[in-house]
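Visitor: Could you take me through one part of this model in detail? I'd like a close look at a single helix pairing across the two chains, and then how the rest fits around that spot.

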Amino acid sequence: MKRTDGELILFWCLPAIAIIWVSAFFLFPGFLHPMSPTMSADAVAAFYRDETARIRYSMILFNWFGVGLIPTVILLAMQVRRMAHRTPILSYSLISCAGGPPCLFLIANLFWLLGSFRPERAPELTQLLNDLAWVTFTVLVPFLIAQCVLLALAIYWDHQEQPVFKMWVAHFNILVAVALAPAAFTALTFTGPLAWDGLLSFWVKNIAIFVWIVVMGIVLGQTIRQQRAEEPVAA
Amino acid sequence: MSSPLSRLAWNFRHNPKRELWFAWWMMDIFYQLYDVLFFFVTRVQPPASPAWSTPMVLQWFDTRHYGILAGFGVVFLISGLCAPMNALLAYSMRRMSVSRVFGYSYLIMYSLSAIPGMLVMAIAMTVGALRPDRNPEMIHWLFDFAFLSFSGTMGVFMIGSLVWLVAILIDKNGVFPKWFGYLGLCNALTEVVVAPAWIFQRGVFAWNGAIAWWINMVVFVTYTVCFIVLLRKMIEREDFGDGVLPDLPPKVERSQPDSVGAMR
């Protein structure tokens, strides 16, 4: 019988945590109709006063589970280790990226929670916290983009008879990286697709992250199952 | 037969050192872009003065509005280039005769450092430029927040440099010359002398002062240029040849000879 090394426990955390993320996403009142950067300070303050409870509960959920992406990225880094590379540069690079997105998201999360902590404060202060939260949340893409590009590169360089991941996974990751890129420029405009509530900066970016989690979760699950069938579990 | 482009394409796919050269070039490109973005596009460096009055701060933001918003947009796009750079630096420690703890510690410290030391600064500047009609005192606070998170994030760089320094000094494989270890000490000291930037609003120790900014910048640039050149030499010295990969196929948990272990 195989020894339990916990890899599968960490893997199966992903779908569970993803469900919590999606729930928290819908629970936060500012996401389904994303808050517009054109809202006046009074409108923002009124939003925080009226929706205090849902902001707090959803953001506490995100605060608890936001870091849940890290084990998945590390599982991917471990798969990169199995690839036909001569150095651990790319797995190191993925490990280097892993903490970035949750940490930036945590900063945005703190600003949202601070905004809802004393909603009766001066409206311009609430607007400041709201701006900091939305800008941080929208521009948290650099390490996600790097993760996708590095993973794609690792797959392109995996010259062996049975590569760890199939080639389409690399193309898919490049596509996701491209989808995430426009969000970096969200601060340039308050309206249109680049605005933080716009098509590119909000919908394309967040859907790309969601699709990446689902697709890479499935790919990772299949690869780990195949790997564990082939080789004895590492002690 | 081979144009430079097809040679590049071949090297990209098949050069035994392709991963190392990739990381080195990403590091090079990162620092080039960093200079251009911080000094010429956003023009947030050299830094403004912490002694300025609020109207001057507003004017400072006013003349840089689109530079900040667009320039930091590019920063948000490309900051991930830090990852292969940190990986290459960690790899240099992997090649040394020191514990793997050094490489991993450095990797995590420097990966962490990009957030308070660069991205939080970029976010604060962006929000500062976002609404010119915001309450001026708040814009002034964002100005302080940005410059102090940039200059005042010290420990990760200080301890990170020290980790690399100790690894270089006790290394027996000669990956780096010892003098570079001592230069690392100078770099760590810049993070010590920048601490008064949290206290003084004018003079040599302020965040734009002769010591806290100008001397530190000279040391940092010297240090960075040296390690870029030395890492290039390290990669050139690596002898992978073009034979079979060190550990293929990895079907069974393998016990590797030490020489290969040093590389993986």
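Guide: Let's start with H5(A) and helix H5 (residues 82-94) of chain B, which pack at an angle of about 125 degrees with their axes 8 Å apart. Keep in mind that this is a predicted model. Angles from 65 to 115 degrees count as roughly perpendicular and those over 145 as roughly antiparallel, and H5(A) and H5(B) are therefore oblique to each other. As for handedness, H5(A) and H5(B) make a right-handed crossing.

Who does the touching? From H5(A) come Ile89(A), Tyr92(A), Ser93(A), Ser96(A) and Cys97(A), while H5(B) brings in Ala83(B), Pro84(B), Asn86(B), Ala87(B), Leu88(B), Ala90(B) and Tyr91(B). Sort the residues of this contact of H5(A) with H5(B) by type and you get 9 nonpolar, 3 polar and no charged.

Now zoom out to the whole contact between the chains. Chain A puts in 41 residues and chain B 43 residues. On the side of chain A that touches chain B, at least two residues come from each of helix H5 (89-98), helix H6 (100-117), helix H7 (123-138) and helix H8 (142-156) of chain A. H5(A) gives the most to that side, with 7 residues. By type, the residues on the side of chain A that touches chain B split into 27 nonpolar, 8 polar and 6 charged.

The helix pair also leads into the core. The largest nonpolar core has 142 residues, and the members that touch the most other members are Leu94(A), Ile145(A), Leu180(A), Ala23(B), Leu88(B) and Tyr106(B). The largest share of this core, 18 residues, is supplied by helix H6 (residues 100-130) of chain B. You've met Leu88(B) already, as one of the H5(B) residues in the contact with H5(A). Leu94(A) is worth a stop too: setting aside neighbours within four places in sequence, Leu94(A) is in contact with Val73(A), Leu76(A), Ala77(A), Val80(A), Gln147(A), Leu150(A) and Leu151(A).

On the chain B side, have a look at Gly103(B), which lies in helix H6 of chain B. Gly103(B) has 24 other C-beta atoms within 10 Å, and the cut-off for buried is 20 or more, so Gly103(B) is buried. Apart from neighbours within four places in sequence, Gly103(B) is in contact with Ala90(B), Met93(B) and Arg94(B). Of those, Ala90(B) also belongs to the H5(B) side of the contact with H5(A). For a distance to check in your viewer, try Gly103(B) to Leu169(B): 66 residues apart in sequence, and 14 Å apart in space from C-alpha to C-alpha.

For contrast, jump to Ile207(A), in helix H10 (residues 199-230) of chain A. Exposed means 12 or fewer by the same kind of count, and Ile207(A) is exposed because 11 other C-beta atoms lie within 10 Å. The C-alpha atoms of Ile207(A) and Ala179(A) are separated by 9.1 Å, with their positions 28 residues apart along the chain.

There's a pairing within chain A to set beside the one we began with. Helix H1 (residues 7-27) of chain A and helix H3 (residues 52-65) of chain A pack at about 155 degrees, their axes 9 Å apart. That makes H1(A) roughly antiparallel to H3(A), and H1(A) passes H3(A) in a left-handed crossing. Ile17(A), Ile20(A), Trp21(A), Ala24(A) and Leu27(A) in H1(A) meet Arg54(A), Tyr57(A), Ser58(A), Leu61(A), Phe62(A) and Phe65(A) in H3(A). The residues of the contact of H1(A) with H3(A) come out as 9 nonpolar, 1 polar and 1 charged.

Last, the frame around all this. Chain A has 10 helices and 0 strands, and its C-alpha atoms fill a box of roughly 60 × 35 × 25 Å along the principal axes. Chain B has 11 helices and 0 strands, in a box of roughly 65 × 45 × 35 Å. Buried residues are 46% of the 235 in chain A and 37% of the 264 in chain B. Among contacts in chain A with a separation of 6 or more, 74% are between residues 24 or more positions apart; in chain B, 71% of the contacts between residues at least 6 apart join residues at least 24 apart.

Technical notes: Residues numbered from 1 in each chain as written. Chains lettered and ligands numbered in written order. Predicted model: local features only at pLDDT ≥ 70, side-chain atom pairs only at ≥ 80, totals over all residues. Contact = placed C-beta atoms within 7 Å. Helix = DSSP H or I, 4+ residues; strand = E, 2+ residues; numbered from the N terminus. Nonpolar A, V, L, I, M, F, W, Y, C, P; charged D, E, K, R; others polar. Axes fitted to C-alpha atoms, helices over the stretch in contact; angles between N-to-C directions. Parallel < 35°, antiparallel > 145°, perpendicular 65-115°, else oblique. Left-handed = near helix turned anticlockwise from the far one by under 90°. Core = buried A, V, L, I, M, F, W, Y, C linked by C-beta atoms within 7 Å.
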